[in-house]
Amino acid sequence: LEMRRGAVVSVQFSPDGKLVESASLAGVAQLWGSDGGGESATLKTSATLPNAVFSPDGRLVLTATSDDIAHLLRTDGTELRTLVGHRNGVTSAAFSPNGLLVATGSLDHTARIWSLADGSALEVLQGHDEPLTDVAFSPDGQSLLTASRDGTARIWNVADGTRKAVLRGHRGAVESARFSPNGIYIVTTSSKDRTVRLWATA
């Protein structure tokens, strides 16, 4: 598998294992058949979110382009709809476990929760003081976790967009944040303070 241009910065399998995605900082993500069947699609991306994000069933992908817009596509590259609303680059994205919602984080300091049915923004999550670096749904899909360069991670109620908790303690930007598979714990990382922190959600 050979990228057409740019250094490869990430690779991943689709959830069903049928596709491999490779992404470069040149603004291109390529999808390949994992059985060696060749290239399936070439997708436009951005430097702030170079990789494509797969839906839980592996049938859809979300990409972000340099025009601050997120794009929902089939894995053959056919665009289904655009998610328009951020005022700066999209840095992170995640599908809800049931595949009905998408969350995006942005350089504009906000996260947004979108309906995949019509592409509408259901909630705009405001409160971070710096750009967002990561977003992640809880396993039950009821909470959203956001991480930011402001040194905090925050937990939000997906249903109404209210903030449930602020996780403080890192002495630098929080680069990634994830729920444990059972949703009881959260793990966050910061390269600036060189720590990984484990939090209890209750």
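The largest pocket of this predicted model has a volume of about 240 Å³. Here a pocket is an open set of points, on a 1 Å grid over the protein atoms alone, with protein on both sides within 12 Å along at least five of seven lines, and its lining residues have an atom within 4 Å of a point. Grid points are joined across faces, edges and corners, and the volume is the space filled by probe spheres set on the points. Of the 14 lining residues, Ala 93, Ala 94, Val 135, Ala 136 and Arg 178 are the closest to the centre of the largest pocket. Two or more lining residues come from each of E9 and strand E13 (132-137); strands are DSSP runs of at least two residues, numbered from the N terminus. By class, this lining holds 8 nonpolar, 4 polar and 2 charged residues, where Ala, Val, Leu, Ile, Met, Phe, Trp, Tyr, Cys and Pro count as nonpolar, Asp, Glu, Lys and Arg as charged, and the others, Gly among them, as polar.

A word on conventions: residues are numbered from 1 along each chain as its sequence is written, and side-chain values use heavy atoms, without hydrogens and water. As the model is predicted, local features need pLDDT of at least 70 and side-chain atom pairs count only at pLDDT 80 or more, while totals for chains, interfaces and linings use all residues.

The second largest pocket encloses about 180 Å³ of space. Its lining includes Ser 138, Pro 139, Asp 140, Gln 142 and Ser 143, together with Ile 155, Lys 164, Ala 165 and Phe 179. Asn 182, Gly 183 and Thr 201 also belong to the lining of the second largest pocket, which divides into 4 nonpolar, 6 polar and 2 charged residues.

Strand E13, already met at the largest pocket, has 5 of its 6 residues buried, so E13 is largely enclosed by the rest of the structure. Buried means under 20% relative accessible area, exposed over 50% and partly exposed in between, with a 1.4 Å probe and protein chains only. E13 runs antiparallel to strand E14 (residues 143-148), with 5 bridges joining them; two strands pair if DSSP finds at least two bridges between them. Within this pair, Leu 132 stands opposite Ser 148. The two strands form a hairpin with 5 residues between them, and Gly 141 in the turn has a positive phi of about 75°.

Turning to the interior, the largest nonpolar core has 13 residues, and those with the most contacts inside it are Leu 62, Leu 83, Phe 95 and Val 102. Such a core is a set of buried Ala, Val, Leu, Ile, Met, Phe, Trp, Tyr and Cys residues joined through side-chain atoms within 4.5 Å. At least two core residues come from each of strand E6 (60-64), strand E7 (70-74) and strand E9 (90-95), and E9 gives the most, with 3 residues. Another core lies apart from this one; it has 12 residues, among them Leu 101, Leu 125, Val 135 and Leu 144. Leaving aside neighbours within four places in sequence, Val 102 is in contact (heavy atoms within 4.5 Å) with residues including Leu 62, Leu 83, Arg 112, Trp 114 and Phe 137.

Strand E11 (residues 111-115) is mostly covered, with 5 of its 5 residues buried. In a regular strand the side chains alternate between the two faces of the sheet. Along E11, Ala 111, Ile 113 and Ser 115 point one way, and Arg 112 and Trp 114 the other. On one side of the pairing, strand E10 (residues 101-106) is joined to E11 by 5 bridges in the antiparallel sense, and Leu 101 has Ser 115 as its bridge partner. E10 and E11 form a hairpin with 4 residues between them, in whose turn His 109 has a positive phi of about 80°.E11 also pairs with strand E12 (residues 121-125), antiparallel and over 4 bridges, with Ala 111 opposite Leu 125.

Finally, Arg 154 is found in strand E15 (residues 153-157) and is buried, with a relative accessible area of 4%. The C-alpha atoms of Arg 154 and Lys 164 are separated by 7.5 Å. Trp 199, in strand E19 (residues 195-200), counts as buried at 16% relative accessibility.

Technical notes: 1 Å grid on protein atoms, 1.4 Å probe; cavity = no way out; pocket = protein on both sides within 12 Å on 5 of 7 lines; lining within 4 Å.
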